[in-house]
Structure formats: C-alpha cells, structure tokens
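Me: I would like a close look at one pair of neighbouring strands here, and then at how that part connects to the rest of the chain. Please keep to what the coordinates support.

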Amino acid sequence: KWIWSNKTESDEGGLVINDPEKPIGYSIEFGINLDPHHTATLSDDLSNGNLIPCDINGDTDNPTFTLNVGGQPYSGSFKNYPVVFPNTPAGKIAVTWSGSGFELICENDTEYATGSVSVVMKYYAKGAEKADLFTNRVNLAIDGTTSLSDATTIRKYDNAALYAAKSIGDN
C-alpha cells in the first residue's frame, strides 16, 4: 500500500499531505495465484473511518476507484456498492463496504484456472477534519486466513506543537 499523490517528505521524516484541502491518492497492489475455488479478500480500514473516499477533485458524493486486473482496466463508485465485476482475469471481483472501510473480494470459481495475476486498486480519499494523522491499514486474507498486512501513515501538517502563554499583570 502506498500513497501516490498529494504527499511530500517531512523535514522530521515521514509523509505529510501537500495540500490538506485536496484528496490523497492511495494505491494497493497484490498478486494472487489462480487456484480453483479460492477467495482472496483485501480489507482496507480507511484509517478507522478517518479517510473519506472521494473522486479526483475531492467530491465525496461520487467516490470512485479504479482497478487494473491482469492488465485490464475497470472502474467503479464506492457509492453504488457492492460493485461486482463478474469476469476479470482474477475471476469475480466485488468491492463492498465493511465496518469503517471496504473489502475487495476476488473469487476464482474457474475449475481450470492456473498461474497468477496482479491486481492494482487506486482511489482517492480526503482526511476527516477532526483528524491530523492517518494510518491506513490493509490486510490480505486467502480463504479467511490473513497472509499479509501493510499500513501507510501520513500527517495533515508538517509539525504540530502545543503553545501556551502566561503573563503576569500588575494590579
């Protein structure tokens, strides 16, 4: 999982959002073996609900995503879930909401499928106003057993500090 747009490196290390008013571009890439009758499920927690899917312009009314499955492009909207692509090189793919995030489910029901295929999902998300730190986690499970996990963190601002001032007045 990685952030591919609206990011910069902080002077103190780590990633910082370039423009907090614009969406962050996320990309998730994984490969799956085409074993017959197996299911691969990618879960994305959208930073525990602190990321709000949107389109490239930040519009949350029609949050979009793109998929590239074995070199073939697909696209959909998180608004119209579940979104199902019945005949991809990875079998049937469904994208649906789950808790505070979403799941991308690849079901291979083909008896004679062999080899492997890459899956790339890209989407945009805006940070919730109340949050300043976004740690977005993904888990990849094969037949219900988690096999890989990853996370990426980005801060809204390059630095944050508590400032307090006191003064002594003369009465």
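How many bridges join strand β10 to strand β11, and do the two run parallel or antiparallel?

Reply: The model is predicted, so local features are described only at pLDDT of at least 70 and side-chain atom pairs only at pLDDT 80 or more, while totals for chains, interfaces and linings use all residues. Residues are numbered from 1 along each chain as its sequence is written, and side-chain values use heavy atoms, without hydrogens or water.

Strand β10 (residues 91-98) and strand β11 (residues 101-108) are antiparallel and are joined by seven bridges. Strands here are DSSP runs of E with at least two residues, and helices are runs of H or I with at least four, both numbered from the N terminus; two strands pair if DSSP finds at least two bridges between them. Within this pair, W97 has F102 of β11 as its bridge partner.

The two strands belong to an open, mixed sheet of eight strands, ordered β2-β3-β14-β13-β5-β11-β10-β9. In that order β10 stands between β11 and β9, and β11 between β5 and β10. The edges are β2 (7-9) and β9 (83-88), each of which pairs on one side only. From one strand to the next the twist averages 25°, taken between lines fitted to C-alpha atoms in their N-to-C directions, on a scale from 0 to 180 degrees. The protein as a whole has 14 strands and zero helices.

L104 links this pair to the interior. L104 is among the residues with the most contacts inside the largest nonpolar core, together with F30, F65, L67 and Y123; that core has 36 residues. A nonpolar core is a set of buried Ala, Val, Leu, Ile, Met, Phe, Trp, Tyr and Cys residues joined through side-chain atoms within 4.5 Å. Beyond four places in sequence, L104 is in contact (heavy atoms within 4.5 Å) with F30, A40, T41, L42, L67, I93, A94, V95 and M121.

Several of these contacts lead to strand β12 and its partners. L67 and M121, both touched by L104, stand opposite each other, M121 being in β12. The pairing of β7 (64-69) with β12 is antiparallel, with five bridges. Strand β12 (residues 116-127) also pairs antiparallel with β4 (residues 24-33) over 10 bridges, where I32 faces V117. A further antiparallel pairing, of four bridges, joins β6 to β12, with I52 opposite K126.

C54 lies in β6. Its relative accessible area is 0%, so C54 is buried; buried means under 20%, exposed over 50% and partly exposed in between, with a 1.4 Å probe and protein chains only. Outside its sequence neighbourhood of four places, C54 is in contact with P23, D59, T60, P63, T64, Y124, A125 and K126. The C-alpha atoms of C54 and G25 are 9.8 Å apart, with their positions 29 residues apart along the chain.

T60, one of those contacts of C54, sits in the loop between β6 (51-54) and β7. With 36% relative accessible area, T60 counts as partly exposed. T60 touches I52, P53, C54 and K126, residues up to four places away not counted. T60 and F78 are 18 residues apart in sequence, and their C-alpha atoms are 9.7 Å apart.

S77, in strand β8 (residues 72-77), is buried because its relative accessibility is 9%. The side chains of S77 and N62 form a polar contact of 2.8 Å, that is, a pair of N or O atoms within 3.5 Å in which one can donate a hydrogen and the other accept it, residues adjacent in sequence counting only if both atoms are side-chain atoms. A polar atom of the S77 side chain also lies 3.2 Å from the backbone oxygen of P63. Residues touching S77, beyond four places in sequence, are N62, P63, T64, F65 and V83.

The loop between β5 (38-44) and β6 holds L46 and S47. Most residues other than glycine have a negative phi. L46, not a glycine, has a positive phi of about 45°, and phi of S47 is near 55°. L46 is buried at 0% relative accessible area, and S47 is buried at 4%.

Across the protein, 41% of the 171 residues count as buried. Of the contacts with a separation of 6 or more, 61% are between residues 24 or more positions apart.
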